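Biologist: Hey, can you walk me through this one? I'd like to start with the pockets and then look at the inside.

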Amino acid sequence: MRHAAASVTVLTTDGPAGRGGVTVSAFCSLSADPPSVLACVHQASPVLKLIRENRRVCVNLLATDQTHVADSFAGRIAQWRSNRFACAEWDEVENGAPQLRGALASFNCTLAGEMPFGSHYILIGRVEQVASSARGGLLYADRAYRHIGPLAPIQEELYT
């Protein structure tokens with residue numbers, strides 16, 4: 001699976017169970033009607049319990065200059081282990097899940113479904129709010145961060 005390129009996302013939550021976040025690469029669009037997304041979180045992650053109890057999650061797709069955010073929420077940066085949110089600026093939104101300022105896109109969701117499968121939980125979020133910016137997206141493939149770029153100019157004469 002290391003050859004499969006994936007968007008880098010940070011799932012965040014806040015509410016009665018507490019505040020937390022975790023870096024994940026298992027994320028995708030699920031449905032346009034109702035607007036929903038799917039993300040997978042390891043069942044041993046303490047953030048999974050918070051998301052399940054808070055019933056709120058923000059899926060923050062990271063931009064190319066936000067590798068430090070991914071690394072912070074993956075626990076790789078010692079100075080931010082006790083407060084991972086200190087690595088960036090966050091906006092508090094209506095549903096209570098912290099939204100990363102300057103993210104490529106953020107999907108503020110209510111947890112609409114969950115299912116254990118193997119070592120992970122599959123989480124379904126019903127999208128309530130979306131924020132986006134015109135930035136490059138961060139990818140992870142072959143054990144390294146990557147960025148999205150055009151492969152080649154489109155040859156418009158082929159499509160006319």
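**Pockets and core**

Modeller: Sure. The largest pocket has a lining of 14 residues, and T23, V24, S25, R76 and Y140 are the ones nearest its centre. Keep in mind that this is a predicted model.

Biologist: How much space lies in the largest pocket?

Modeller: About 260 Å³.

Biologist: And which strands supply at least two residues each of its lining?

Modeller: β3 and β5 both do that. The largest share comes from β5, with 3 residues.

Biologist: How do the lining residues divide into nonpolar, polar and charged?

Modeller: For the largest pocket, you get 9 nonpolar, 4 polar and 1 charged.

Biologist: OK, what volume does the second largest pocket have?

Modeller: About 200 Å³. Its lining is made up of M1, R2, A4, A6, S25, Y140, D142 and R143. S25 and Y140 also lie among the residues nearest the centre of the largest pocket.

Biologist: Nice. What's the split for the second largest pocket's lining?

Modeller: There, 4 residues are nonpolar, 1 is polar and 3 are charged.

Biologist: Let's switch to the inside. Which residues touch the most other members of the largest nonpolar core?

Modeller: L11 and F107 do, out of 21 residues in that core.

Biologist: Which elements each supply at least two residues of this core?

Modeller: There's one helix on that list, α1 (46–54). The strands are β3 (20–24), β5 (35–42), β6 (56–61), β9 (105–117) and β10 (120–132). β9 gives the most, with 4 residues.

Biologist: Back to F107. What does F107 touch, leaving out residues up to four places away in sequence?

Modeller: F107 touches F27, V37, V57, C58, V59, L61, V127, Q129 and V130.

Biologist: And what lies apart from the largest core?

Modeller: Another core, this one of 13 residues. Its members include V10, V69, A70 and W90.

Biologist: One last thing, N108. Where is its place?

Modeller: N108 sits in strand β9.

Biologist: Is N108 buried or exposed?

Modeller: Buried. N108 has a relative accessible area of 1%, and under 20% counts as buried, so N108 makes the cut.

Biologist: What does the side chain of N108 make a polar contact with?

Modeller: The side chain of Q99, at 2.8 Å. So to sum up N108: it belongs to β9, it is buried, and its side chain pairs up with that of Q99 in a polar contact.

Terms used. Residues numbered from 1 in each chain as written. Predicted model: local features only at pLDDT ≥ 70, side-chain atom pairs only at ≥ 80, totals over all residues. Heavy atoms only, no water. Core = buried A, V, L, I, M, F, W, Y, C linked by side-chain atoms within 4.5 Å. Buried < 20%, exposed > 50% of the residue type's maximum accessible area, 1.4 Å probe, protein only. Contact = heavy atoms within 4.5 Å. 1 Å grid on protein atoms, 1.4 Å probe; cavity = no way out; pocket = protein on both sides within 12 Å on 5 of 7 lines; lining within 4 Å. Points joined across faces, edges and corners; volume = space filled by probe spheres on them. Nonpolar A, V, L, I, M, F, W, Y, C, P; charged D, E, K, R; others polar. Polar contact = N/O pair within 3.5 Å; in protein donor to acceptor, adjacent residues only side chain to side chain.
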